[in-house]
Structures are given as structure tokens and as C-alpha cells.
Amino acid sequence: MSSTLGRLGELMGAPGRERVQVPWERSVERLGVELPADFREFVERYGRVEYSGDLLVVTPSLRDGVADGERFDGLHQFNKDVGEMLEEWYGWDGVDGRPYEPFPAKGCLLAWANNTSSDYFCWDTSAGEPDQWPVVVWRFGISEWVRFDGGMAEFLAAVLTGEFPDSDELIDRSMSADAWLSRSP
């Protein structure tokens, strides 16, 4: 386990499920990219989770009986929807100040979570290899972009501990670690 995921694990507590194996090679087929190692490890350890009914980490399907080729369909659709919102918000021609390319463009934003405040938690895939992708939060409701130069697990740990400047606006940190709940796969 990575030290960053270890820190996040201390904040979240023990997973309420058995570790799962995910056919990660399918992400390249369906999403066009390999996903960062901390996200892969998080998903295998915790599955699909939400924090205090607010922040939902979107994962590949972990349900039994789902064909490997279909496991990334939900994550693909989530990103397609976020990409369409990005296109609509900043105009179809890309000239209206759109700061990031929408999914599925090369070097696009790739969303991995959202919250009830209509914030979308994404990676900037234009920034090198997957483990180097910074987190970008699209504060959709107020049309603001917040960048975090670190990975998903490091970002979540910073938000939970209040080390990230916008923490209180992104998540209810007053909840205890057991506020993380496993969701249906």
C-alpha cells in the first residue's frame, strides 16, 4: 500500500469489504487511458464509496456477473456526461475560455468523483503519466477551477484533514472516519 493511501486509510478506517480484483487493462479500452495507481489501489481496497452522503467516488462496476468488457461503462458514461456539461458551459467551439478539454479528447479532464454541491473531481490527463496527473476540481455551480498538484489519495487526505484551502466547501469534514460508506458496486 502506498504511503499516501496509507494516510487516507488511517482517516477512513478499515475497509468494510474484502479486497477485489479489477481488470484495469479494460480502462484503456473503454476510457482511452490507464488510471493512476492510487485510484486503482483505493478501488480494490474500498470499492465504490461515499463520504457522509455527499462525495461519491465513481468506480468501475464491481458487481458479480458483470462482463469485464462492461465494467468501465458507468465510469465512461459519467465522464461523457461531465464532458458534455463542459462543452455546454464553455461553448462548442472551444474559444470561450474553456480551460480544459472535455472527455474523450486526448489530454482531457477525467472525472473520478462528484459531490452534492455539483463539484466534479477530475484528473488533468494532459500532465504526463497517470501517476503524475494533478487533481482538478470543477466547482460547476460557481464556474471555478481549483488545481491540486498531487494524486487522488493525497487530495482526499488533504481535504479530510482541512489542509486543502477549500476543504470546508468540498466536503463536510466534521463527520467521523466512519462516515465513509461502501455503496453498491
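## Questions on a predicted model

Q: Which helix holds Leu-31?
A: Helices are DSSP runs of H or I with at least four residues, strands are E runs with at least two, and both are numbered from the N terminus. Leu-31 belongs to the helix made of residues 25-31. That is helix α2.

Q: In this predicted model, which pLDDT must side-chain atom pairs reach to count?
A: Residues are numbered from 1 along each chain as its sequence is written, and side-chain values use heavy atoms, leaving out hydrogens and water. Totals for chains, interfaces and linings use all residues, local features need pLDDT of at least 70, and side-chain atom pairs count only at pLDDT 80 or more.

Q: Is Leu-31 buried or exposed?
A: Leu-31 touches Phe-72, Leu-75, His-76 and Phe-103, leaving out residues up to four places away in sequence; contact means heavy atoms within 4.5 Å. Buried means under 20% relative accessible area, exposed over 50%, and partly exposed in between (1.4 Å probe, protein chains only). Leu-31 has 7%, so it is buried.

Q: How far is the charged side chain of opposite sign that is nearest to Asp-38?
A: Lys and Arg count as positive, Asp and Glu as negative, while His and the chain ends are not counted. A salt bridge needs a side-chain nitrogen of Lys or Arg within 4 Å of a carboxyl oxygen of Asp or Glu. Asp-38 sits in helix α3 and is buried without such a bridge. The nearest opposite charge is on Arg-40, at 7.8 Å.

Q: Which backbone nitrogen lies 2.9 Å from a polar atom of the Asp-38 side chain?
A: A polar contact pairs N or O atoms within 3.5 Å; within protein, one must be able to donate a hydrogen and the other to accept it, and residues adjacent in sequence count only if both atoms are side-chain atoms. The backbone nitrogen of Met-152 lies 3.0 Å from a polar atom of that side chain. The one at 2.9 Å belongs to Ala-153.

Q: Which helix gives the largest share of the largest nonpolar core?
A: A nonpolar core is a set of buried Ala, Val, Leu, Ile, Met, Phe, Trp, Tyr and Cys residues joined through side-chain atoms within 4.5 Å. This one has 56 residues, and Phe-42, Trp-112 and Phe-155 touch the most other members. The largest share, 8 residues, comes from residues 152-161, helix α5.

Q: Where does Pro-104 lie?
A: The peptide bond from Phe-103 to Pro-104 is cis, with omega near 10 degrees. Pro-104 is in the loop between α4 and β3.

Q: What phi does Ser-118 have?
A: Ser-118 lies in the loop between β3 and β4. Its phi is positive, though Ser-118 is not glycine. The value is near 65 degrees.

Q: How far apart in sequence are the parts tied together by Asp-124 and Arg-147?
A: Asp-124 and Arg-147 form a salt bridge, with their closest N and O atoms 3.5 Å apart. Asp-124 lies in strand β4 and Arg-147 in strand β6, so the pair ties together parts separated by 23 residues.

Q: Which other residue bridges to Arg-147, with the closest N and O atoms 2.8 Å apart?
A: Arg-147 is partly exposed, at 43% relative accessible area. The partner is exposed, at 62%. That partner is Asp-149.
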